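Reader: I'm used to gels and assays, not ribbon diagrams. Could you walk me through reading one?

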Amino acid sequence: MPPHPPAPYTAPTRILGSDDRPIPSFPIGGIAGLSDTVPGHQQRHCVIQLHSISIALGGHPILDNLSWSVRPRRRIGLIGANGAGKTTLLRLLAGELEPDEGTIARAGSIGYLAQDVQEHDTGRTVIDEALGAFEELNALEAREAALTKKLERHALPPEGLLKELERVHTELAVREAHRKRSRAEAVLLGLGFKTADLNRTLETLSGGYRMRITLAQILLQKPKVLLLDEPTNHLDIESIDWLEKYLQNYPGTVVLVSHDRYFLNRMVRSIAHLRQGRITEYAGNYDFFLSERASRRVLEQAAYENQQREIAQTRRFIERFRYKNTKARQVQSRIKHLQRMERLLPPESEEAQITIRFPVPRPSGRVVVELSTFSKRYPAPGGASVGVFRQAGPLCIERGQKVALIGRNGAGKSTLARIIAGTEPFDGTRRKGYHVYAGFFAQHQAESLAIRHTVLESLQEASGSMLEGQLRTLLGAFLFRGDDVFKRVAVLSGGEKSRLALARTLVTGTNFLILDEPTNHLDIQSIQVLIEALRQYQGTFVVVSHDRHFLDQVANTVWHIDGGRVRVYGGTYSEFRWHMAHGAGAQVRTRKAVPVAKTAAKKRTRLGGPKSRAQKRREAEARMRASGAKHAAPDHGNAQGAIEEQVEAAEQAIAKLEQQREQVEALLGSQDLYREPARVTKASTEYARVQAELKAYYARWESLMKQK
């Protein structure tokens, strides 16, 4: 290793070392000694302590007389409305900002992941950048190399030189220096990098992947306190799952800001709610916080109203008797009482009750979009091409389906969304259904907004007939409140333009929506509003998102993209996760999407025990309605008992065939099957036979039921 490595990649990350050992110069943001440490017993019971902190940015007060203690080994979710000061507070904790008033005491090293990573072109590779996190080990290895060169120049090495080399060797062994590369690779692969990516240079990576490198560096340094500002923003679902497992076993304290409700529920054990410059702590995850806050709000409202009545009565007394000598002492006493009174904050408004009502779209045909077996390749440097999809499909989206597209970053989610929308060329055919009117939202659409329009005018242009009050309610849900609706599009930030583009997509009256990462730049409350809007939406939609709570609430079908193929799972995202955890599952389909009626019927039996006769009948009726199967000629038996026996026989045959179909579907969902083409052909043939027999028995059962 050269004694002077290249200048490292700079990222907005700050590591604060404790002063019980020498402070090294870390590559990401540098090292600073503690300005003040936590003395005495406080040092044993908290790693960060804020005392009477106040700060204003641009003349606007952000935090006001805030005191807060962060204790060891805690998992804390820092939440609050947009603009409440969450990022400002994290920067104060990390030492990137100094408070206007108050003191901050820290004990131990602090790693800070900011939302945005600065862009720096450099020739360093991904793995070299990650290895830069081991600054002390790198310095020891450089010292080892220098000592070895000195020894080579001596026929009889000095004893002091040998002892120094032995000390360095021992230190390297104790710190397991030989494992640093494997540790770095494990973290990078967990965060979504592929083995082939490790030797890529940083200038070839997107900002999202550079953010992952910064996160990898922080995790490898293992600071005593992790401060993470929206760590899931640039991660796919699989990488978020990996990060969850990693942080659950992390020995230090974690304070994180996130709009991912699912992530908060699984990660944190306490919530720090930042509001009006002050923090209220709740012992529990985010769902517990919502429940507890609702209960507290009732008490806070009563206490606030009582205090306001007391203040009003006291002021009336003061005004009434201010100039009466006989009441002077009582007036002065009440004035001092008002001055000493700690004013209660007004309870939060019920903003979560905001609802959006969209125009009822014109119904489409039963089939919305059909894709044949298809492939997709992109050109690559040197005249080659990169395959995204290889003989995927065929796929079908039916009216009323709510499809979630999931997969690793780069798997082809956005590409498939564009193929479905008809804006991406591919090898295959796409057929749009009858009376299908599609609306497509993607991040780049934000740049196509008319810059001369105000926010309100832009939404009016897209909505047509919606009233101004309805439009302003919708804009309020997407964080455009008050006079914000009169801002020109030209002065909006990138995030604001993205939110406006999403709002425009949702009011167009289309009956088929394709939404690519619609939750980006939305806080938790606005995501909940979007969830409610999509729940009451009467059309069909396809959505790409890494927000698992959002997907679980809105989707009834999951399309998992992996290895150039698309696998269809009937059910919610939680059910998809259950299938992934317990094998391929009985609902895996690799040929065609599961109709909504079938999904609803199967979901009832999949989680319960054996099916009753009545349940079998209801399921068969649902299948018949969904498939539109033609009725078979009725069996004109004269005896009711004979019909009952035939019904029973048909139901037994259906149950047996359904069991066979589930076994074949599970086989078709196995990845190992596709390594042997002969077995694939045999399984497909068996599946077609079972389906045909089931269709015939469904028709016979329907006919017999009409004769009863």
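Reader: Okay, what order do the strands take in the open sheet of 3 strands?

Author: Keep in mind that this is a predicted model. To read a sheet, go across it strand by strand. Here the order is β4-β3-β6, and the pairing is antiparallel. β4 (60-70) and β6 (101-106) are the edge strands, each pairing on one side only. From one strand to the next, the twist averages 25 degrees.

Reader: How many bridges link β3 and β4?

Author: There are 7 bridges between β4 and β3 (residues 48-57), in the antiparallel sense. For a spot to click on, try I53, which sits opposite L66 in β4.

Reader: And which helix packs on that sheet?

Author: That's α2 (residues 86-94), which touches β3, β4 and β6. The direction of α2 makes about 130 degrees with that of β3.

Reader: Which faces of strand β15 are covered?

Author: Start with the general idea: side chains in a regular strand alternate between the two faces of the sheet. In β15 (residues 395-398), both faces are covered. L395 and I397 are buried on one side, C396 and E398 on the other. β15 also runs antiparallel to β12 (residues 367-371), joined by 4 bridges. Within that pair, V369 stands opposite I397.

Reader: Last one: how far apart are the end C-alpha atoms of helix α8?

Author: They're 17 Å apart. Helix α8 (residues 237-248) has 12 residues, so at 1.5 Å a residue it should span 16 Å, and the two values agree. Its buried residues include I237, I240, L243 and L247, along with the charged D241 and E244.

Methods. Residues numbered from 1 in each chain as written. Predicted model: local features only at pLDDT ≥ 70, side-chain atom pairs only at ≥ 80, totals over all residues. Heavy atoms only, no water. Pairing = 2+ DSSP bridges. Helix = DSSP H or I, 4+ residues; strand = E, 2+ residues; numbered from the N terminus. Axes fitted to C-alpha atoms, helices over the stretch in contact; angles between N-to-C directions. Contact = heavy atoms within 4.5 Å. Expected span 1.5 Å × (residues − 1). Buried < 20%, exposed > 50% of the residue type's maximum accessible area, 1.4 Å probe, protein only.
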